[in-house]
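Biologist: I'm new to this one, so could you walk me through it with a few questions and answers?

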Amino acid sequence: MLTKTLEQTYFVIDFDSTFTKVEALDVLGEISLAAHRDREAILEKIKIITDRGMSGELSLAQSIEMRLQLLTAHRDHLPALIETLKNEISDSFQRNRHFLAEHADQILIVSSGFKEFIVPIVTSLGIKEENVFANTFVFDEAGNIVGCDCENPLATDKGKVKLIRDLNLEGDIYVIGDGYTDYEIRESGLANRFYAFTENVMRPKVIEKADYVAPSLDEFLYHNKLNRSQSYPKSRIKVLLLENVHPVAVHLFESEGFNVEILKGALDEDELIEKIRDVSILGIRSKTQVTSRVLENANKLMCIGAFCIGTNQIDLKTCTEKGIAVFNAPYSNTRSVVELAIGEIIMLVRNIVPKSNKMHEGVWDKSANNSFEVRGKKLGLVGYGNIGTQLSVVAEALGMEVYFYDIVDKLALGNAKKCKTLDELLAISDFVSLHTDGRASNKNLIGAREFGLMKEGVIFLNLSRGHIVDVQALVEAIKSGRVAGAGVDVFPYEPKTNNEEFINELRGLPNVILTPHIGGSTEEAQENIGNFVPGKLLEYINNGSTYGSVNFPELQLPLLKESHRLLHIHANVPGILAKINAIFAKYHINIQGQYLKTNEQIGYVITDVSKDYSDEVVSELRHIDNTIKFRLIY
Ligand SMILES: NC(=O)C1=CN([C@@H]2O[C@H](COP(=O)(O)OP(=O)(O)OC[C@H]3O[C@@H](n4cnc5c(N)ncnc54)[C@H](O)[C@@H]3O)[C@@H](O)[C@H]2O)C=CC1
Ligand SMILES: O=C(O)C(=O)COP(=O)(O)O
């Protein structure tokens, strides 16, 4: 007999594609048919039957019988199936294992799947075995699965309805599931609510019948004000990822339950303004311009991840004023840029591109004229940051003499020599390579005057930002022979997507390598960035940490344990901390930890408090003058 609880509510939960991400019989088929010649075709048939059953097109009994016949499965396949399913438990169920265990008396797993695999999976998260209602397999003497127990109502049409009716539960019944058979319990009048669970699959026919749509178990728990792992369901937090960021990043956000939208290209200002209104986390690369107009419309935006190094495309000042934390990937593609620069330096000084083009036209032009070694030549680096220094080290390994100029006093690595001025560097170098950041004041840093200072026949590289070079001046320097070869990866205007034509005056010039802003575009770099940036954004969202932020005061915070964390972002004016603490004192709040850091624009105060405090505390904190943003994590 099931125990009644205070709330007198039972949670009836489906198994396949709800408790787990997958349909167990599909997985069993992959195992049992592993060596079968027509494996793919049979698996496809099984999937189609599953879907037709779940959307109500086939009777359930038909669907089970048809699938079991196709499966040709054996008892010995079950351990492998269980092992696989353990890794396929839905993320939000895993996150909320405390809820499942604490409410074990109220939770019923009702499924037309089979106890042989359901019981080991659900009991591992604290569900009671006696609360699992499902079919059982019938085996022949040799252990083959030949059918299911026909006496069980769950093997028949409307089986879930019959079962719930027979259980005669006293109290409210909420059904959570992804299939039509789950909805049927509600349709029969036996259940009070049906939540269509869409974390793993979305079935329009089921969604349209639902009282509520639950993109995750957190959403269900939030809706019912029940204990949950996420203070605010992440399925309500929209993440917009632009410019084809690596799939690993998408996966990281999705597995935490966020509502993620991805777009391959960049968006222009007006398009982004439309999209940004309900976005909380924005991911971009170097192309998307996050202007003050965009930010004016970004009232839900909490943080931005630049999935690249440069952040000149983001109006950082306005972000800070609005309490939006910005993160980037300062080292993940450094090496990729360096390798491309080295490759181009050698290709350009040997005139490889024109020679290769001629070869393709059938011209054999074997000659040493104007081809040189890089050994012993002078490489001038403008900007000696992460890329500049790494290029310095690799170039020295090739025997180059390295000179650099940076506006900040930098430690020279190896034998590299510091130049006091840009002019001095330009005059001495056989190769000039730009590696400054793209701050606005660097616009046209290299123009006609600077090309005029360079040696006749210099090799010139720009893999930093397009606007740093006056392109027309570069064109003229190439045409006049001052620049003997150029490698250009970045341009003042770059196409938004691969479908747009590249229009630029540099097209068609000899010994000029043009690349479509791919300095950082290697598999390794993109995967590193795809892991790194979401890591930073998630630490900020989940924990409040701002370590590595490019515009926020940096705070690395301890993990939150058994307390609530109140995060207060305010304009950096005197007296705010005192006001915050006056509120805590007024309400006798037990402070467990407090952290403060400021920069020129803002202050960031984090206070960990014990869980029992009133709503007025939060309200008063939100209303302190000069508050920019306030949030609560637990
Ligand atoms: N082509 C591509 O795909 C990629 C391009 N980049 C670009 O490369 C830039 C540099 O990257 P990191 O070395 O990682 O940045 P970083 O911030 O470590 O180094 C930039 C250096 O430039 C110096 N600098 C700034 N303005 C200067 C000026 N006017 N004259 C001399 N030095 C100046 C800074 O003091 C700093 O030391 C990025 O900001 C980005 O714009 C970065 C990665 C990939
Ligand atoms: O890392 C940078 O700053 C870059 O320029 C690379 O940009 P991308 O990610 O290729 O748009």
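Biologist: Let's begin at the ligand. Which element gives the largest share of the shell around ligand 1?

Modeller: Keep in mind that this is a predicted model. The shell around ligand 1 counts 30 residues, and those that come nearest are Gly310, Gly383, Gly385, Ile387 and Gly519. Two elements give two or more residues to that shell, helix H17 (334-349) and helix H19 (386-397). The largest share, 3 residues, comes from H19.

Biologist: And by class, how many residues of that shell are nonpolar, polar and charged?

Modeller: Glycine counts as polar here, and Gly310, Gly383, Gly385 and Gly519 are among the residues that come nearest to ligand 1. Going by class, the shell has 11 nonpolar, 15 polar and 4 charged residues.

Biologist: Now the sheet. In what order do the strands of the open sheet of 7 strands run?

Modeller: Take the pairs one at a time. E15 (residues 401-405) pairs with E16 over 2 bridges, and E14 (residues 378-382) pairs with E15 over 5 bridges. Further along, E17 (residues 431-434) pairs with E18 over 4 bridges, and E18 pairs with E19 (residues 483-488) over 5 bridges. Pairing is parallel, and the full order is E16-E15-E14-E17-E18-E19-E20.

Biologist: Which strands stand at the edges of that sheet?

Modeller: An edge strand here has a single partner strand, so one side of it is left without a neighbour in the sheet. That applies to strand E16 (417-418) and strand E20 (512-514).

Biologist: Is E18 largely enclosed or largely open?

Modeller: In a regular strand the side chains alternate between the two faces of the sheet. In E18, Val458, Phe460 and Asn462 point one way while Ile459 and Leu461 point the other way, and all are buried. That makes 5 of the 5 residues of E18 (residues 458-462) buried, so the strand is largely enclosed.

Biologist: Which residues stand opposite Phe460 in E17 and Leu461 in E19?

Modeller: E18 has E17 as a parallel partner and E19 as another. Across from phenylalanine 460 stands valine 432, and across from leucine 461, in E19, stands glycine 487.

Biologist: Through which helices does the chain cross from E17 to E18 and from E18 to E19?

Modeller: Both steps are right-handed β-α-β crossovers. From E17 to E18 the chain goes through helix H21 (residues 448-453), and from E18 to E19 through helix H22 (residues 471-479).

Biologist: Which helix sits with E14 and E15 in a β-α-β unit?

Modeller: E14 and E15 pair in the parallel sense, with leucine 379 having valine 402 in E15 as its bridge partner. E15 is largely enclosed, because 4 of its 5 residues are buried. The unit is right-handed, and its helix is H19.

Biologist: What about Asp14, buried or exposed?

Modeller: Aspartate 14 lies in the loop between strand E1 (9-13) and helix H1 (15-19). Beyond its neighbours within four places in sequence, its contacts include Phe19, Val110, Ile176 and Asp182. The cut-off for being buried is 20 or more other C-beta atoms within 10 Å. Aspartate 14 has 24 such neighbours, so it counts as buried.

Biologist: How far is Asp14 from Gly179 in space?

Modeller: Glycine 179 is among the residues in contact with aspartate 14, although the two are 165 residues apart in sequence. From C-alpha to C-alpha, they are separated by 8.3 Å.

Biologist: And how many other C-beta atoms lie within 10 Å of Lys358?

Modeller: Lysine 358 lies in helix H18 (residues 352-360). Leaving aside neighbours within four places in sequence, it is in contact with Val363 and Asp365. Lysine 358 is partly exposed, because the number of other C-beta atoms within 10 Å is 13.

Biologist: Which residues does the "domain: ACT" annotation cover?

Modeller: That label comes from an unreviewed UniProt entry. Over the stretch it covers, the chain is 27% helix and 43% strand, with the end C-alpha atoms 6 Å apart. The annotation covers residues 565-634.

Biologist: Last one: what percentage of the protein chain's residues count as buried?

Modeller: The chain has 25 helices and 24 strands, and its C-alpha trace spans about 95 × 75 × 40 Å along the principal axes. Of its 634 residues, the buried share is 43%.

Conventions
Residues numbered from 1 in each chain as written. Chains lettered and ligands numbered in written order. Predicted model: local features only at pLDDT ≥ 70, side-chain atom pairs only at ≥ 80, totals over all residues. Near = placed C-beta within 6 Å. Buried ≥ 20, exposed ≤ 12 C-beta atoms within 10 Å, placed from the backbone. Pairing = 2+ DSSP bridges. Right-handed = clockwise from strand over helix to strand, strands pointing away. UniProt positions renumbered as here; feature names shortened; annotations may be inferred. Contact = placed C-beta atoms within 7 Å.
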